[in-house]
Amino acid sequence: MREYHVPVMLRECVDALRVSEGKLYFDGTLGGGGHSGEILRRGGRLLAVDRDMEAIDHSRLRFSQISDYNGRYTLVKDNFKNVSEILRANSADTLDGAILDLGISSHQVDEAVRGFSYNGNGLLDMRMDRDQYLSAMTVVNEYTEDELSRIIYTYGEERFARKIARAIVQARVKAPVETTKRLSDIVKSCVPAGKNGHPAKKTFQAIRIEVNNELSGLGEAIGDIVNVLNSGGRIAVITFHSLEDRIVKQTLKMLSSDCICDKSLPVCVCNHKATVKLIGKYKPTQQEMQENPRSQSATLRVAEKL
């Protein structure tokens, strides 16, 4: 049986948080509980959230089997972008550290029924939160050609976006596009085979981002997490593609700057003060990339609350 999810840069992430016994840490992307489990193993208290109820159920069972963890963790089905409300609902005011492992879990990719994978064959879904209405099937079959083209180009950075969108619209005239295999085949007919992985990778990424509204509010959420960190607390964020990494990089750069005025101004008028200092940017080791190929595109960025 496959491991539910292989955590990326596990040691680097949790080392960066400098977990101390009894202090409270926030895992905004629980997944299979890899990072959260290591926080608990090192004696920290944990408040973890995930949009996917399967992840919550899996980690609750996993943690319940270790008696030393009892009373030190709270798992919540929610979106980490609601961090302020999540803290209030759980009688917490501040955090001593936080981690976000963005992207999708191994379980979501490997289970064809979840509809994320261009390599499998399941109904198009791609919802992290299976209670929400919008799914990949809705996007693929109901969005206009212009909307599909915009999404695939913007979120997938796919230069064949217009051609792919047109092919999808033409295909669904004959019959709704309902499976991952059919969508993958449509995309493959539009994209020349190359050296950059599966031809449908970018299109599937784009549709997944649209379905789950992954980029909207990401920068604001990082700012909200920083606001509730105690002085010396750290935030560690793992990204997997350039779009989300750009948001994380720009947000942390802004939060670490004393002035964010237009550089053409002769004097500072923004009165902005840095709230974090940048600790570093990290990539997986060669060994990790060999053992877990899905880690190859990962980037870890760490900042510390002033």
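Which residue follows α1, and is its phi positive or negative? The residue after α1 is R18, and its phi is positive, near 50°. This report starts from that helix and then turns to the charged residues. Keep in mind that the model is predicted.

**The chain as a whole**

The protein chain has 13 helices and seven strands. Its radius of gyration is 20 Å, close to the 19 Å that the globule rule gives for 306 residues, so the chain is as compact as a globular protein of that length. Along the principal axes, the C-alpha atoms fill a box of roughly 60 × 60 × 40 Å.

How much of the chain is buried? Buried residues make up 54% of the 306 residues. The protein chain exposes about 14,900 Å². Carbon and sulfur atoms supply 48% of that area.

Contacts tell us about the fold too. Take the contacts with a separation of 6 or more. Residues 24 or more positions apart account for 65% of them.

**Helix α1 and the segment before it**

Five residues of α1 are worth finding in the structure: E12, C13, V14, A16 and L17 are buried. What do the buried residues of α1 pack against? They pack against the strands β1 (24-27), β4 (95-101), β5 (229-239) and β7, and against helix α2 (34-41).

C13 has 0% relative accessibility and counts as buried. Another cysteine, C259, is partly exposed, with a relative accessible area of 27%. A disulfide is a covalent bond between the sulfur atoms of two cysteines. The structure holds zero disulfides.

Just upstream is Y4, in the segment before α1 (10-17). Y4 is buried, with a relative accessible area of 11%. Which residues does Y4 touch, leaving aside its neighbours within four places in sequence? Its contacts are G31, G32, D52, E54, A55, H58, S105, S106 and H107. G97 is another matter: the C-alpha atoms of Y4 and G97 are 24 Å apart in space, and the two residues are 93 residues apart in sequence.

**Charged pairs**

Side chains of opposite charge can pair when their charged atoms come close. How many salt bridges are there? The count comes to 24 salt bridges. Three of them are set out below.

| Salt bridge | N to O distance |
|---|---|
| R127 and D125 | 2.7 Å |
| D146 and R162 | 2.9 Å |
| E304 and K277 | 4.0 Å |

The D146 and R162 pair bridges two helices. D146 lies in helix α7 (residues 145-156) and R162 in helix α8, so the pair ties together parts that are 16 residues apart in sequence. D146 is exposed, with a relative accessible area of 52%. R162 counts as partly exposed, at 35% relative accessibility.

Next come E304 and K277, whose side chains meet in a salt bridge. This pair links distant parts of the chain, 27 residues apart: E304 is in strand β7 (residues 299-305) and K277 in strand β6 (residues 276-282). E304 is buried, with a relative accessible area of 11%. K277 counts as partly exposed, at 41%.

Salt bridges can also share partners. In this way R11, E12, D15, E38, R41 and R42 are joined into one network.

**R127, a buried partner**

R127 is found in the loop between α5 (106-110) and α6 (136-142). Both R127 and D125, its salt-bridge partner, are buried. For R127 the relative accessible area is 16%. Where is F116 relative to R127? The two residues are eleven residues apart along the chain, and their C-alpha atoms are separated by 8.3 Å. F116 is also one of the contacts of R127 beyond four places in sequence. The others are R114, Q132, Y133, L134, S135, V211 and N212.

**R172, buried without a bridge**

R172 lies in helix α8 (residues 161-174). What is the nearest side chain of opposite charge to R172, and how far away is that side chain? The answer is E147, 7.3 Å away. A salt bridge needs a nitrogen and an oxygen within 4 Å. R172 is buried yet has no salt bridge. Leaving aside its neighbours within four places in sequence, R172 is in contact with V140, N141, E142, Y143, T144, L148 and V177.

Terms used. Residues numbered from 1 in each chain as written. Predicted model: local features only at pLDDT ≥ 70, side-chain atom pairs only at ≥ 80, totals over all residues. Heavy atoms only, no water. Helix = DSSP H or I, 4+ residues; strand = E, 2+ residues; numbered from the N terminus. Buried < 20%, exposed > 50% of the residue type's maximum accessible area, 1.4 Å probe, protein only. Lys, Arg positive; Asp, Glu negative; His and termini not counted. Contact = heavy atoms within 4.5 Å. Disulfide = S-S within 2.5 Å. Rg over C-alpha atoms; globule rule 2.2 N^0.38 Å. Areas by Shrake-Rupley, 256 points an atom, 1.4 Å probe, with all protein chains shown as cover.
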